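Work through the exercises below with the model open beside you. Try each task before you read its solution.

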Amino acid sequence: MEKILFKEEQRFNQWRLWLILGSALLAIVIPLANELSAQPWNFSSKDFSHLILYGSVTVLFIISALIIVVLSRLKTKITYKGIFITFPPLKRKSYKITIQEIERFEIRKYRAKREYGGHGFRSRRRSGQAYTISGNTGLQLYLKNGKKLLIGTQKKQAMEFAMHKIMGENKKYLIGKRNSQQQEGWLGKKTKKILIILAIEIVIAILIFGIIQILK
């Protein structure tokens, strides 16, 4: 079974977002209800149809936005195979970043509005991609292809520990592999030197034996 080093699930919890969406919904429903109750309407008139259509579409839009906010989750998982991110219901498919893709990382403070235009799944040319849902702390990944990716977190110490663990062990593996290659190269050079010395000694022995035979 795959060992999970870090796991986190976050939800939207900004009271300002709920306040804005709730206020927008009330701002549509209350005037619409007052308008409908203030005077008798001719159900066959165009004005009544337009009012009902406008109000219904607006209310449905706001309710849909509320449902998306309620159902939204930022799920992050770190294993020895890499980092896995899902952002349902907007992005149900898991996005994977392998350890081999990461050049370096850091846990840093960020400004969602200024750097990415707000929370959620965002992409900016200068700042890169971001998966955030609340707060101002995230895991910043610098990938080997030059791209940047930020993952928001409320558990910065646990995430940092997991990243140091997988990157540290990966680094040890790479260093071990490099050392074994260097050792193999050193053994190859040593073998060549031994063979050359043996060849020289054989040549010298043959020359000495030939000289001795001539002198006899």
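**Exercise 1. Start at one side chain**

Task: Find which backbone oxygen lies 3.3 Å from a polar atom of the side chain of glutamine 140. Then describe the surroundings of glutamine 140.

Solution.
Step 1. The oxygen belongs to the backbone of leucine 149.
Step 2. This is a predicted model; local features need pLDDT of at least 70, side-chain atom pairs count only at pLDDT 80 or more, and totals for chains, interfaces and linings use all residues. Residues are numbered from 1 along each chain as its sequence is written, and side-chain values use heavy atoms, with hydrogens and water left out.
Step 3. Look for a side-chain partner. The side chain of glutamine 140 makes a polar contact with the side chain of arginine 108, at 2.9 Å. (A polar contact is a pair of N or O atoms within 3.5 Å; within protein, one must be able to donate a hydrogen and the other to accept it, and residues adjacent in sequence count only if both atoms are side-chain atoms.)
Step 4. List contacts, meaning heavy atoms within 4.5 Å. Leaving aside neighbours within four places in sequence, glutamine 140 touches residues including Arg104, Phe105, Tyr116 and Lys148.
Step 5. Check accessibility. Glutamine 140 has a relative accessible area of 2%, so it is buried. (Buried means under 20% relative accessible area, exposed over 50%, partly exposed in between, with a 1.4 Å probe and protein chains only.)

**Exercise 2. Build the sheet**

Task: Place glutamine 140 in its strand, and give the order of the strands in the open sheet.

Solution.
Step 1. Glutamine 140 lies in strand β8. (Helices, H or I with at least four residues, and strands, E with at least two, are DSSP runs numbered from the N terminus.)
Step 2. β8 covers residues 137-143 and pairs with β5 in the antiparallel sense, over seven bridges. (Two strands pair if DSSP finds at least two bridges between them.)
Step 3. Glutamine 140 is the bridge partner of glutamate 106.
Step 4. Now extend. Five strands form the open sheet, in the order β5-β8-β9-β7-β6, with mixed pairing.
Step 5. Find the edges. β5 (102-109) and β6 (120-124) each have a single partner strand, so one side of each is left without a neighbour in the sheet.

**Exercise 3. Pair the charges**

Task: How many salt bridges does a search of the whole structure find? Say for each partner whether it is buried or partly exposed.

Solution.
Step 1. Recall the idea. Side chains of opposite charge can pair when their charged atoms come close.
Step 2. The search finds two salt bridges. (A salt bridge is a side-chain nitrogen of Lys or Arg within 4 Å of a carboxyl oxygen of Asp or Glu.)
Step 3. One joins glutamate 115 and arginine 108, at 2.8 Å from N to O. Glutamate 115 is partly exposed at 22%. Arginine 108 is buried at 17%.
Step 4. Another joins arginine 73 and glutamate 9, at 3.2 Å from N to O. This pair links distant parts of the chain, 64 residues apart: arginine 73 is in the loop between α2 (46-71) and β2 (74-79), and glutamate 9 is in strand β1 (residues 4-10).
Step 5. Arginine 73 is buried at 15%. Glutamate 9 is partly exposed at 44%.

**Exercise 4. Enter the core**

Task: How many residues has the largest nonpolar core, and which have the most contacts inside it?

Solution.
Step 1. The core has 25 residues. (A nonpolar core is a set of buried Ala, Val, Leu, Ile, Met, Phe, Trp, Tyr and Cys residues joined through side-chain atoms within 4.5 Å.)
Step 2. Those with the most contacts inside it are Ile78, Ile83, Ile85, Ile102, Leu139, Leu141 and Met163.
Step 3. α4 gives the most to this core, with five residues.
Step 4. Zoom in on isoleucine 78, in strand β2. Isoleucine 78 is buried, at 0% relative accessibility. Among its contacts are Leu5, Phe6, Met159 and Ile166.
Step 5. Isoleucine 78 and methionine 159 are 81 residues apart along the chain, yet their C-alpha atoms are separated by 8.2 Å.

**Exercise 5. Check a hairpin**

Task: Describe how β3 and β4 are joined, and classify the peptide bond from proline 88 to proline 89.

Solution.
Step 1. β3 and β4 run antiparallel, joined by four bridges.
Step 2. They form a hairpin with three residues between them. Proline 89 is in this loop.
Step 3. Most peptide bonds are trans. The bond from proline 88 to proline 89 is cis, with omega near 5°.
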